[in-house]
Amino acid sequence: MHRGIAMIRSRAVRTVMLVIALSGVACQDSRVVNPAAASLFIPNVQGVWSGPMTLVATSGGECVVGPVIPTFLPTLDVGTFTLSQNADTLNATITTESTGLACRYTGSATSSSVALNATSCDRTGLIVTCANGVPRELRLVGSSVTASWNGNQIVGRATSTYNVLTTDEEIGVGSLVATHDFNATRR
C-alpha cells in the first residue's frame, strides 16, 4: 500500500513540475527577430559611391554617331551611385555629373557582384543634332549595370539603349547603344 501511495505521489510531483516548467516557458518573452539585420553571407553595399565613368563603346545611332556623340555623352564623366539594400535586394539611383540625368534601378547583390536594371529615369528624351544639322530625339529605352565589388570599390559596366526618333513626326529611325565602364568608391 505504501508503494502505491508513493507511486501516486511521485506522479503528482512530476505532473506539478511539468506544469510549472511549461507555464514558465509560456510566460517567457519572445525575442524579436530583425529582418533588416545585415546578412553574414551578403555584405552591405548600401551607401553613396562615386567615381569616373568612361564611354568605352557605342553602336548604331543612325546619324547620331562619330563626332556627334561627345556632344551629349562625354567620353569622361563622373557618376554617383546611391544604393539602399535589404538583404540581397538593391535599389539604386545613378546620376551622371555632365547631364544631371538620374535613373533609378533595382536588382540584387551577392558577396562579390551587383546586377541592376533601370526602372525609371528623370527624363528619357534628349534632342541632339546630327553632323548634317538634322535634329534627332534620343529616348532611353533601358539601362543595365553589372559590377563586381570588394568592399571598397565597385567596378563595372553600364549599358544604355536609346531609340533614335525624328523630332517632327517621332518616327523611329534607329537605335543607339552606349557602354560606360566605371570605378566607384564609397564616400
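This is a chat about the empty spaces and the nonpolar core of a predicted model.

Biologist: Hi! How many cavities of 30 Å³ or more are there?

Modeller: Just one cavity reaches that size. Its volume is about 50 Å³.

Biologist: Which residues line the largest cavity?

Modeller: The lining is made up of F81, L83, V114, L116, V145, A147, I154, F182 and A184. By class, nine are nonpolar, with no polar and no charged residues.

Biologist: And which strands supply at least two residues each to that lining?

Modeller: Those are β2 (76-86), β5 (113-121), β7 (135-149) and β9 (172-186).

Biologist: I'm curious about aromatic pairs. How many does the structure hold?

Modeller: It holds one. The partners are F81 and F182, in a tilted arrangement, with 4.8 Å from centre to centre and 35 degrees between the planes. This pair links distant parts of the chain, since F81 sits in strand β2 and F182 in strand β9, 101 residues apart.

Biologist: Is F81 buried or exposed? And what about F182, buried or exposed?

Modeller: F81 has 5% relative accessibility, so it counts as buried. F182 counts as buried too, because its relative accessibility is 3%. The cut-off for buried is under 20%.

Biologist: What does F182 touch, leaving out residues up to four places away in sequence?

Modeller: Its contacts include P52, M53, V145, A147, I154 and R157, along with its ring partner F81.

Biologist: Let's switch to the largest nonpolar core. Which of its residues touch the most other members?

Modeller: That core has 37 residues, and V64, F72, L116, L138 and F182 touch the most other members. Strands that each supply at least two residues of this core include β1 (47-60), β2, β5 and β9. The largest share, five residues, comes from β7.

Biologist: Now for the pockets. What volume does the largest pocket have?

Modeller: The largest pocket holds about 420 Å³ of space. Its lining has 26 residues, and L73, T96, T99, L101 and Y162 lie nearest the centre.

Biologist: How do the lining residues of that pocket divide by class?

Modeller: There are 16 nonpolar, eight polar and two charged residues.

Biologist: Which strand gives the most to the lining of that pocket?

Modeller: β7 does, with four residues. Other strands that each supply at least two residues of the pocket lining include β3 (89-96), β4 (102-109), β6 (125-129) and β8 (153-166).

Biologist: So where have we met β7 so far?

Modeller: β7 supplies at least two residues of the cavity lining, gives the largest share of the nonpolar core and gives the most to the pocket lining.

How values were computed: Residues numbered from 1 in each chain as written. Predicted model: local features only at pLDDT ≥ 70, side-chain atom pairs only at ≥ 80, totals over all residues. Heavy atoms only, no water. 1 Å grid on protein atoms, 1.4 Å probe; cavity = no way out; pocket = protein on both sides within 12 Å on 5 of 7 lines; lining within 4 Å. Points joined across faces, edges and corners; volume = space filled by probe spheres on them. Nonpolar A, V, L, I, M, F, W, Y, C, P; charged D, E, K, R; others polar. Phe/Tyr/Trp six-rings, centres within 6.5 Å; stacked < 30°, edge-to-face > 60°. Buried < 20%, exposed > 50% of the residue type's maximum accessible area, 1.4 Å probe, protein only. Core = buried A, V, L, I, M, F, W, Y, C linked by side-chain atoms within 4.5 Å. Contact = heavy atoms within 4.5 Å.
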